[in-house]
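Reader: I should like to understand how the descriptive terms used for a protein model are justified. May I put some questions to you as we look at one?

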Amino acid sequence: MSAMAILVDLFAGRRDAAALAPREWDGVIGVARAEAMLATLAHRLAEVDVPEPVALLLADQRRAAEVATGQALWEAEMARRALAPERIEFVLLKGTAYAAAGLSCAAGRQIGDLDILVGKHDLARTENALLKAGWEWVKSDPYDDAYYRAHMHELPPLIHGGRDRMIDVHHTILPRTHRKTPDPLAMLADAVPAPDGFAVLCPTDMACHCAAHLLADGDLQGGLRNLWDFHCLASDFAVADPGFWGKLDGRADQHGLRSEVRRAARLARDLLGTLLPSGWDAHDPTDRWFHRRLLARDDWGRSSDFLLQQAFYIRSHWLRMPPAMLARHLWTKWHKRR
Amino acid sequence: MIDRRYRAAPKEALRVEPLGELTAIFDRRSVQTHLVVSPIPEILAAMGEKPCDAATLAARLAADFEVEAEGDVRAIVAERLRELADLGLVAPA
Amino acid sequence: MRHGTRIAVGPVQFRVGSDWAKPIAALDRLYADYPQHEDRPADATVRLFAARPWRRWLRPSVHIGGDYVVPDALPLPLSMGLLAAEMGMNLQVALGWRRHLLLHASAVAKNGRAVIMSGASGSGKSTLAALLGEGGWRLMGDEFTLIAPASGEAFAFPRAVSLKNQAIAELAGRVDPARLGPLLAGTPKGDIRHLIPRADAIETMHEPVRPALLLFPRFGGEAAVVPMGEGEAFVRLTEASTNYIALGEAGFGALTRLVRTVPAFAIAYPDSASGIALVEDLWAEAAR
């Protein structure tokens with residue numbers, strides 16, 4: 001059994017961690033690191049009796065993740081201090097939002113950049129306020145910069161010189177060239193408060209965004225972490241609100257994300273054991289390509305299945321851009337590398 | 001120039017360790033270490049829990065350390081407060 | 001991967017995989033006398049790989065990978081596979097280890113107390129530690145010293161010492177040739193030859209010691225000793241640590257305690273003999 005398959009089984013609770021052989025642990029630890037999920041696994045297995053060296057390593061990971069989460073939340077706080085005087089309201093997205101809201105998927109979750117959503121009308125003021133508060137442009141070439149501004153769903157990334165952390169300011173959750181155009185105004189309007197006074201997306205929007213991020217906004221590299229997010233979010237929200245799945249359907253339709261949300265739910269069910277309501281419990285033969293892509297890593301942590309990766313890379317670009325524009329973009333990218 | 005008011009970090013947020021001529025301040029909220037020299041530790045210590053501005057602080061420091069509160073001291077304190085706000089150690093009130 | 005081995009150095013269990021047999025054979029020879037724990041899962045993974053399948057044979061060049069990678073790291077020729085393995089192992093520890101505060105420093109110990117020597121490459125910290133480790137000292141490591149946040153104790157990381165350039169001749173004449181690895185000439189870091197630590201260093205590698213002296217050596221110039229304040233030692237050690245920030249308050253606590261409880265000196269020395277003499281003098285003072 002491959003290490004990725006074991007990892008997924010451990011997350012799903014289908015396999016007893018205490019019964020793993022030493023060589024199986026090698027692979028599991030390796031692929032969990034490669035998926036940036038070792039600390040998440042450490043939390044999942046916190047109560048399980050594992051061999052002592054593994055227990056020590058997992059305890060290290062939990063402690064380190066706690067530090068990293070603190071750093072990520074501090075970035076949100078500093079963004080608030082920068083934007084509050086300008087009365088700019090923003091909503092936290094992705095990892096920082098999960099941590100601020102105390103959601104179960106935040107336990108051990110690696111958080112990269114700070115992602116925030118602001119109204120499009122506030123974009124220029126947000127940019128100015130951040131620049132004034134010590135963020136600066138990451139050095140990029142004019143093509144990339146123009147590309148971001150014209151077609152992407154976020155400002156070109158800004159970095160804070162003193163803290164060396166990046167912020168991505170989004171005004172919608174998918175690139176403007178994407179065939180799907182979710183409704184960012186509805187997301188902003190229905191955002192909900194999190195304990196420390198931050199705003200986060202409401203449960204259905206959070207699940208929609210998570211599914212879009214997993215399936216419509218990338219080449220599925222590192223997708224297992226996003227899928228775990230979706231599993232935790234949907235499972236917890238469904239426990240808190242029995243009507244959640246029905247509401248999620250409606251909201252996904254509103255954002256034009258029905259197929260993404262449905263597929264994310266099926267993948268989460270197939271790999272992580274998410275319990276779905278009867279109307280959602282369908283099967284789609286194309287899902288197996290996604291299974292393969294999500295698990296495409298060998299026991300040494302290396303990405304495997306090269307052709308499938310390329311297929312998903314091109315697919316992710318195709319999803320984001322109309323074909324003529326894609327050709328131009330790939331051409332420019334290729335030309336620059338020479 | 002307007003004299004802005006700032007609020008100090010809550011006491012339990014900071015761990016302050018004097019190390020000879022330097023003072024190491026660990027901010028538990030930001031998980032950052034700040035290495036500072038006088039008068040930064042004195043300014044932080046003088047701020048108390050209520051928001052205060054540079055003039056108030058300069059007066060407190062003047063009383064504690066027998067320096068003139070007007071002119072230079074007040075300007076220096078205002079400048080240091082802005083730097084401390086950039087570091088997140090104090091926040092505009 | 002096609003070839004692989006497992007190595008435990010101090011608290012870190014590695015698994016090293018390789019597209020070629022040669023680097024693994026060389027590692028196995030250097031680490032033959034280190035304890036083996038077949039049942040222990042690996043904390044860290046190192047991969048030595050060919051960028052394209054045919055590059056296993058055609059102008060073979062070794063890329064360094066693993067849990068952590070440096071994106072633009074240049075590959076090394078297969079003849080330097082052992083160096084690639086060493087760099088890969090260092091990289092995983094430097095970027096991945098979280099149990100201890102990691103100091104880029106060499107260390108030697110005597111009577112349960114340690115001298116920790118921190119400096120950039122070229123400072124001679126490695127050579128000094130190797131030479132002391134051939135005398136009345138236990139070699140703890142030439143590259144990393146680990147500080148336990150809870151106790152403040154130092155733990156050893158006695159990998160095979162990486163002797164560079166002139167240090168090769170200084171040590172080669174003094175030790176059993178069986179303890180030396182192959183000469184790797186003309187690497188990006190100059191000539192390199194590995195030295196297997198003495199058996200006592202390997203046997204005692206899990207025994208913690210109390211830090212007693214912090215030195216910041218600089219090779220070259222007149223012999224000199226300058227006491228260093230707590231603040232400066234703190235700053236220098238944060239710069240010498242790859243995981244200080246990641247440890248959060250635990251790292252802060254460990255480092256403030258270290259610089260407060262252990263005397264620190266910057267030392268300069270013109271040659272190894274005077275360097276050793278300085279260390280022994282300062283030790284005699286500190287041990288009093």
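Reader: What share of the 93 residues of chain B counts as buried, and what makes a residue buried?

Author: The model is a predicted one. A residue is buried if 20 or more other C-beta atoms lie within 10 Å of its own. In chain B, 30% of the 93 residues count as buried.

Reader: How do you know whether the radius of gyration of chain B agrees with that of a compact globule?

Author: The expected value comes from a rule, 2.2 Å times the number of residues to the power 0.38. For 93 residues this gives a radius near 12 Å, and chain B has 13 Å; therefore the value agrees with a compact globule. Along its principal axes, the C-alpha trace of chain B spans about 35 × 30 × 20 Å.

Reader: Which elements make up chain B, and in what order do they run?

Author: Chain B contains three helices and six strands. From the N terminus on, their order is β-β-β-β-α-β-α-α-β. Among contacts in chain B between residues at least 6 apart in sequence, 45% join residues at least 24 apart.

Reader: What makes a set of residues a nonpolar core, and which residues have the most contacts inside the largest one?

Author: The members must be buried residues of certain nonpolar kinds, joined through C-beta atoms within 7 Å. The largest such core has 194 residues, and those with the most contacts inside it are Ile116(A), Val200(A), Ala211(A) and Ala107(C). Helix 4 (residues 52-83) of chain A gives this core its largest share, 14 residues. From chain C, domain 1 (3-96) and domain 2 (101-287) each contribute at least three residues to this core. A second, separate core has 18 residues, among them Ala8(B), Ala9(B), Ile43(B) and Met47(B).

Reader: How do you know that the two domains of chain C touch each other?

Author: Two residues are in contact if their C-beta atoms lie within 7 Å. The contact takes 16 residues from domain 1 of chain C and 22 residues from domain 2 of chain C. Helix 2 of chain C gives the most to the side of domain 1 that touches domain 2, with eight residues. By class, that side of domain 1 of chain C has 12 nonpolar, two polar and two charged residues.

Reader: How many residues of chain B are in contact with chain A?

Author: Six residues of chain B are in contact with seven residues of chain A. On the side of chain B that touches chain A, two residues are nonpolar, two polar and two charged.

Definitions and conventions:
Residues numbered from 1 in each chain as written. Chains lettered and ligands numbered in written order. Predicted model: local features only at pLDDT ≥ 70, side-chain atom pairs only at ≥ 80, totals over all residues. Nonpolar A, V, L, I, M, F, W, Y, C, P; charged D, E, K, R; others polar. Buried ≥ 20, exposed ≤ 12 C-beta atoms within 10 Å, placed from the backbone. Helix = DSSP H or I, 4+ residues; strand = E, 2+ residues; numbered from the N terminus. Domains from an automatic or database assignment.
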